[in-house]
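Hi,

Here is the structure I said I would pass on. My notes follow below it.

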Amino acid sequence: MELKNNLRRLRFNANEMTQQELADKLQVSRQTIYAIEKGKFNPSVRLAIHMAELFDVAVEDIFYLNREG
């Protein structure tokens, strides 16, 4: 199983928010956002919840398991 995410789509739908803008709002580095989007880094539960609150969605709307991966 592989953890996938819709973070890039959510950023785009939020007035085409850049990785840097999101990183600033979450108080992390742009590289962290890049790594999460590419599936190279899984965020902490706290960071995932903060993202969900920021986009006003459920955590499951951002992150999901790809059972084929």
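Arginine 11 counts as buried, at 9% relative accessibility. Please keep in mind that this is a predicted model.

Arginine 11 does not sit there unpaired: its side chain meets that of glutamate 37 in a salt bridge, 2.5 Å from N to O. This pair links distant parts of the chain. Arginine 11 belongs to helix H1 (residues 7–13), glutamate 37 to helix H3 (residues 30–37), and 26 residues separate them. Glutamate 37 is buried too, because its relative accessible area is 17% and the cut-off for buried is under 20%.

A search of the whole structure gives two salt bridges. The other joins the side chains of glutamate 2 and lysine 4, at 3.9 Å from N to O. Here both partners are partly exposed: glutamate 2 has a relative accessible area of 34%, and lysine 4 has 31%.

Next, helix H2, which spans residues 19–26. Its buried residues are Gln19, Leu22, Ala23 and Leu26. They lie on the same side of H2, because they cover an arc of only 100° around the axis. What do the buried residues of H2 pack against? They pack against H1, H3 and helix H4 (45–55). Among these partners, H1 and H3 are also the helices that hold arginine 11 and glutamate 37.

One backbone detail to check on your screen: glutamine 27 follows H2, and its phi is positive, near 60°.

Best wishes

Notes. Residues numbered from 1 in each chain as written. Predicted model: local features only at pLDDT ≥ 70, side-chain atom pairs only at ≥ 80, totals over all residues. Heavy atoms only, no water. Salt bridge = Lys/Arg side-chain N within 4 Å of Asp/Glu carboxyl O. Buried < 20%, exposed > 50% of the residue type's maximum accessible area, 1.4 Å probe, protein only. Helix = DSSP H or I, 4+ residues; strand = E, 2+ residues; numbered from the N terminus. Arc of directions from axis to C-beta. Contact = heavy atoms within 4.5 Å.
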